[in-house]
Amino acid sequence: MRFQNILLIGFIVTALMSACTEAKKSEPEIILIPDGFTGKLHIVFNAPNGKPPQYEGDSRVYDIPPSGVLVTQMDANEGWIESDKIKFFSVSNTGTRTPIIEVSESTPESVRAVYNGSIGQAGPVFGCTIMTQEYIVGTKSQRTNLNKLLTIFEAIKVKNIDKKLFEGMC
């Protein structure tokens, strides 16, 4: 009986350890941000009327519109991702890309950087619960300016995001 208990405990521990090490790996990402954009940007996933999936090689491309709200047909890129697999670029009117760094402890206050935000659910938005990813872009004072940090609800209203993009999400 004691031997069976030890085997059972060993089996449970092994199962838990393998479950913890099999985290889903996400696809690399390229996030294109309009030159001069500051504030919170939002990526809304699983919208049948949103922008079709876009890739460069094996990297997802999120081409953020000037409103700061991208509504896409893509599923959320959930899972584990290495920080060097997420690339942020400022994009000029001519299409020139300039890398934007992620915020770190050594980021100077005056440098435009991206605070790597979170993924989660919000709602109801036009009657649906939506999956959204958020980032904050700007210098330190811009990243902490509450007037620029619109929630998805505020951004949809203030930026006049077309309600049709959200149809069919429920």
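In this predicted model, strands β1 and β6 line up in the parallel sense, with six bridges holding the pairing together. Glutamate 29 is one place to look: across from this residue in β6 sits isoleucine 86. β1 has a second parallel partner in strand β4 (residues 59-63), this time over four bridges. Glutamate 29 turns up here too, standing opposite arginine 60 of β4.

With partners like these, how much of β1 is buried? Six of its six residues are, so the strand is largely enclosed by the rest of the structure. Both of its faces are covered: Glu29, Ile31 and Ile33 are buried on one side, and Ile30, Leu32 and Pro34 are buried on the other.

Strand β2 (residues 39-44) is mostly covered as well, again with six of six residues buried. Its pairing goes in two senses. With strand β10 (residues 128-138) it runs antiparallel, joined by six bridges, and glycine 39 faces valine 137 of β10. With strand β5 (residues 69-71) the sense is parallel, over three bridges; there, isoleucine 43 has leucine 70 as its bridge partner.

Next comes the nonpolar packing. The largest nonpolar core counts 18 residues, and those with the most contacts inside it are Ile31, Ile33, Leu41, Ile43, Tyr62 and Phe88. Which elements give two or more residues to this core? They are β1 (29-34), β2, β6 (86-91) and β10. The top contributor is β10, which gives three residues. Isoleucine 31 keeps plenty of company: setting aside residues up to four places away in sequence, it touches Tyr62, Ile64, Ile86, Lys87, Phe88, Phe89 and Tyr135. Apart from this core lies another, made of 15 residues, with Val69, Ala155, Ile156 and Phe166 among them.

Loops matter to this picture as well. Asparagine 77 is located in the loop between β5 and β6. Is asparagine 77 buried or exposed? Its relative accessibility is 11%, and because the cut-off for buried is under 20%, the residue counts as buried. Its side chain reaches the backbone oxygen of glutamate 27 at 2.8 Å. Once neighbours within four places in sequence are left aside, asparagine 77 is in contact with Ser26, Glu27, Glu29, Phe45, Arg60, Tyr62 and Ile119. Some of those names have come up already: Glu29 and Arg60 stand opposite each other in the pairing of β1 with β4, and Tyr62 is listed among the residues with the most contacts inside the largest core.

Zooming out, the protein has three helices and ten strands. Read from the N terminus, the order of elements is α-β-β-β-β-β-β-β-β-β-β-α-α. Of the contacts with a separation of 6 or more, 66% are between residues 24 or more positions apart. The pairing of β2 with β10 joins residues 39-44 to residues 128-138 in just this long-range fashion.

As for the surface, buried residues make up 38% of the 170 residues in the protein. The exposed area comes to about 10400 Å², and carbon and sulfur atoms supply 56% of that.

Notes: Residues numbered from 1 in each chain as written. Predicted model: local features only at pLDDT ≥ 70, side-chain atom pairs only at ≥ 80, totals over all residues. Heavy atoms only, no water. Buried < 20%, exposed > 50% of the residue type's maximum accessible area, 1.4 Å probe, protein only. Pairing = 2+ DSSP bridges. Core = buried A, V, L, I, M, F, W, Y, C linked by side-chain atoms within 4.5 Å. Contact = heavy atoms within 4.5 Å. Areas by Shrake-Rupley, 256 points an atom, 1.4 Å probe, with all protein chains shown as cover. Polar contact = N/O pair within 3.5 Å; in protein donor to acceptor, adjacent residues only side chain to side chain.
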